[in-house]
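Thanks for passing this one along. Here are a few notes to read with the model open beside you.

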Number of protein chains: 2
Amino acid sequence: MPVHVELVGGIAAVITSLCWLPQMLKIMRDRETAGISLVTNAFFAAGVFLWLIYGVMLGAWPVIMANVVTLAFILAIVGLKLRYG
Amino acid sequence: MPVHVELVGGIAAVITSLCWLPQMLKIMRDRETAGISLVTNAFFAAGVFLWLIYGVMLGAWPVIMANVVTLAFILAIVGLKLRYG
């Protein structure tokens, strides 16, 4: 794969993993989750878990790492949603 | 790629694309976005756009389709967040 294609994929993976940090921190600060959809986040966690399995099947470390990080943030967000309602 | 690996990736792509529909519908119904992070959703949209470019560079139609659908939902959610604050 050409290096510029790998670079775009790598930057995409970093952004779509770390972007969940501000959402998690915002909930921890404001304890405000009324507008957040539990259905969306529960299905997103399930989908990200499947992407992780897919990465493991392919032995693709960037896919594995990106989805482990994303899954950790989304499970935290689901937990906070269940806590604050 | 073995068919069961493609199947896991395909199901993952469908789930992580369509899961944003309930979040969008919830905001349209409740007009409640106080708990939703604009930073997270803006960066997520940017990251999904890069995944889309990555899919175009590879000519990978499932990657393109999944990210077009996701991007449409996330841009709608960003627009609703900007509207309802």
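**Salt bridges and the largest pocket**

1. Let me start in chain B, where K26(B) and D30(B) form a salt bridge whose closest N and O atoms are 3.3 Å apart. Please keep in mind that this is a predicted model. Both residues belong to helix α2 (residues 20–30) of chain B, and because they sit 4 residues apart there, about one helical turn separates them.

2. How buried or exposed are the two partners? K26(B) has a relative accessibility of 15% and so counts as buried, since the cut-off for buried is under 20%. D30(B), with a relative accessible area of 35%, is partly exposed.

3. D30(B) has a second partner to look at: a salt bridge also links D30(B) to R29(B), again with 3.3 Å between the closest N and O atoms. R29(B) has a relative accessible area of 60%, which makes R29(B) exposed because that value is over 50%. In chain A, salt bridges with shared partners tie K26(A), R29(A) and D30(A) into one network.

4. Chain A deserves its own look. The side chains of K26(A) and D30(A) meet in a salt bridge, at 3.3 Å from N to O. Helix α2 (residues 20–30) of chain A holds both K26(A) and D30(A), which lie 4 residues apart, or about one turn of the helix. K26(A) counts as buried at 15% relative accessibility, while D30(A) counts as partly exposed at 37%. Over all chains, the structure holds 4 salt bridges.

5. Now for the space inside the model. How much space lies in the largest pocket? The figure is about 1,200 Å³. There are 40 residues lining this pocket, and those closest to its centre are W51(A), V63(A), W51(B), Y54(B) and V63(B).

6. Which helices build that lining? In chain A, α1 (3–18), α3 (38–58) and α4 (61–84) each supply at least two residues, and in chain B, α1 (3–18), α3 (38–58) and α4 (61–84) each do so too. The helix that gives the most to the lining is α1(B), with 8 residues.

7. Finally, the chemistry of the lining, in case you plan to look at the pocket further. The lining residues of the largest pocket divide into 26 nonpolar, 12 polar and 2 charged.

Key: Residues numbered from 1 in each chain as written. Chains lettered and ligands numbered in written order. Predicted model: local features only at pLDDT ≥ 70, side-chain atom pairs only at ≥ 80, totals over all residues. Heavy atoms only, no water. 1 Å grid on protein atoms, 1.4 Å probe; cavity = no way out; pocket = protein on both sides within 12 Å on 5 of 7 lines; lining within 4 Å. Points joined across faces, edges and corners; volume = space filled by probe spheres on them. Nonpolar A, V, L, I, M, F, W, Y, C, P; charged D, E, K, R; others polar. Buried < 20%, exposed > 50% of the residue type's maximum accessible area, 1.4 Å probe, protein only.
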